[in-house]
Amino acid sequence: MNFLLMDSLQLRLFFLYRETFVFDCSAAEKKPKTDSNSDAGASEETGSDKVLAFTVSPSGKLVALTDDTKRLVLFHCGDSWQRISIRWVVRRCTSLVFSQAEDEVLVADKSGDVYSFSVVEPQREGELRMGHLSMVLAVTMSLNDEYVITADRDEKIRVSHLRSPYNIQSFCLGHQQFVSALLVPSGYPHWLLSGSGDGTVKLWEYKSGKRLQSWDLQQLEDTLSSEADKDKKPTVCRISSSPDGHHIAVLCERVSAVQFFTLQLQGEEKLTPHSRLSLPLCPLDMTFDPDGQLWVLMDSSDAPLQIYTHRQDSWQVQSQVNDFIYPTTGKFTHYKQRKVKIENKEGVFFYIFNNDY
């Protein structure tokens with residue numbers, strides 16, 4: 001089994017006990033300087049090489065990352081990793097996603113624009129596809145590559161046709177704060193889950209923009225730690241679905257718990273609260289593996305990864321993964337802006353990634 005760790009500057013591929021691949025953004029090629037002063041991003045020509053966003057293609061054969069020096073780096077994953085290209089984005093990016101066909105990667109930036117970069121022609125410059133009036137915080141695609149779904153800081157979710165983004169299919173409106181997470185769940189190609197700074201998770205029929213359900217996560221808590229917490233809405237930072245789409249896990253910033261839902265086609269309530277898993281520390285990120293186990297990345301140097309399995313209608317800890325956190329450069333002491341990616345024996349990739357807004 002392989003592990004991929006990403007700190008703020010480096011992408012590292014590990015076997016269990018030895019390092020095999022490193023890409024260091026700070027040592028990567030720099031953007032050639034130009035004499036033009038008309039570039040809209042001219043004030044951002046320099047950066048600290050910190051990784052801002054990261055994504056893996058559906059098959060796990062491709063990885064893309066972008067940093068605050070405005071690089072877009074494309075990798076091919078396999079027995080041996082290979083950097084395919086380094087290209088340059090206009091402005092610093094907030095979110096990335098590969099198409100299901102893996103022929104392009106969409107890049108959203110802080111000005112609200114979304115660019116398409118070809119995978120087939122890895123040296124070709126990006127093409128502007130669409131724009132928002134505010135920062136785009138999340139971007140995803142329908143499972144058939146027909147629609148691109150974007151969410152911004154002004155509470156809006158927009159559903160656009162991928163091949164003609166000026167043709168807007170619908171808006172999904174109802175959040176009261178910025179929209180921070182989007183997911184088209186496995187097995188439910190016509191539904192969309194969204195999370196927001198307003199502390200809610202909503203289920204949509206995205207082609208029509210119809211809201212099917214909404215849950216206030218604060219109301220699902222057993223207790224609040226103080227009276228002051230009643231006025232603080234948890235910010236949803238990650239929504240993940242099991243491979244069959246039946247289990248939905250929701251993670252919020254600075255909340256030491258995972259909220260589980262079940263998703264089903266039948267019945268009046270499609271999205272139903274299932275349970276709340278209390279954790280010893282605030283998790284940084286999570287993902288389901290192909291076997292339906294939930295991997296949770298913890299802010300801990302002793303037990304950074306915990307694996308949970310669904311048994312007898314409850315989520316129980318399966319094991320902890322500790323050994324991989326000792327690279328040749330020394331022990332990692334914190335996991336802010338860390339990413340973890342695992343290749344299982346079937347060659348299917350999944351990953352864990354934390355990024356602060």
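# A tour from Arg71 outward

Start by selecting Arg71: this residue counts as buried, because its relative accessibility is 0%. Buried here means under 20% relative accessible area, exposed means over 50%, and partly exposed covers what is in between, with a 1.4 Å probe and protein chains only.

Before you click on, note that this is a predicted model, where local features need pLDDT of at least 70, side-chain atom pairs count only at pLDDT 80 or more, and totals for chains, interfaces and linings use all residues. Residues are numbered from 1 along each chain as its sequence is written, and side-chain values use heavy atoms, with hydrogens and water left out.

**Stop 1: around Arg71**

Keep Arg71 on screen and add Asp67: the two form a salt bridge, with the closest N and O atoms 2.7 Å apart. A salt bridge is a side-chain nitrogen of Lys or Arg within 4 Å of a carboxyl oxygen of Asp or Glu. Asp67 is buried too, with a relative accessible area of 0%.

Next, bring in Asp49, which sits in the loop between strand 3 (19-24) and strand 4 (51-56). Strands (E, at least two residues) and helices (H or I, at least four) are DSSP runs, numbered from the N terminus. Although Asp49 is in a loop, its relative accessible area is 8%, so this residue counts as buried. Which side chain does the side chain of Asp49 touch in a polar contact? That of Arg71, at 2.8 Å. A polar contact is a pair of N or O atoms within 3.5 Å; within protein, one must be able to donate a hydrogen and the other to accept it, and residues adjacent in sequence count only if both atoms are side-chain atoms.

Add Lys30 to the selection and you have the whole group: Lys30, Asp49, Asp67 and Arg71 are linked in a network of salt bridges.

**Stop 2: two more salt bridges**

The count of salt bridges comes to 12, so pick out another couple. Show Arg129 and Glu104, whose closest N and O atoms are 3.6 Å apart in a salt bridge. Arg129 belongs to strand 11 (residues 127-131) and Glu104 to strand 9 (residues 104-109), so this pair ties together parts that are 25 residues apart in sequence. Both Arg129 and Glu104 are buried.

Now jump to Lys233 and Asp216, whose side chains meet in a salt bridge at 3.2 Å, N to O. Lys233 is in the loop between strand 19 (210-216) and strand 20, while Asp216 is in strand 19, so parts 17 residues apart in sequence are tied together. Is Lys233 buried or partly exposed? Lys233 is partly exposed at 40% relative accessible area, whereas Asp216 is buried at 17%.

**Stop 3: strand 21 and its partners**

Colour residues 247-252, which make up strand 21: 6 of the 6 are buried, so the strand is largely enclosed by the rest of the structure. Turn it over and both faces are covered, with His247, Ala249 and Leu251 on one side and Ile248, Val250 and Cys252 on the other.

Strand 20 (residues 236-241) pairs with strand 21 in the antiparallel sense over 5 bridges; two strands pair if DSSP finds at least two bridges between them. Strand 22 (residues 257-263) also runs antiparallel to strand 21, joined by 5 bridges. Centre on Ile248 to look both ways: Ser241 stands opposite Ile248, and the bridge partner of Ile248 in strand 22 is Phe261.

Check the turns as well. The hairpin of strands 20 and 21 has 5 residues between the strands, and Gly245 takes a positive phi near 80° there. In the hairpin of strands 21 and 22, with 4 residues between the strands, Arg254 has a positive phi near 60°.

**Stop 4: Ile84**

Select Ile84 in strand 7 (residues 82-88). Ile84 is partly exposed, with a relative accessible area of 28%. Beyond its neighbours within four places in sequence, Ile84 is in contact (heavy atoms within 4.5 Å) with Leu62, Leu74, Phe75, His76, Pro122 and Gln123. Draw a line from Ile84 to Gln123, 39 residues apart along the chain, and the C-alpha separation reads 8.9 Å.

**Last look: the whole chain**

Zoom out: the protein chain has 0 helices and 29 strands. Of its 357 residues, 55% are buried.
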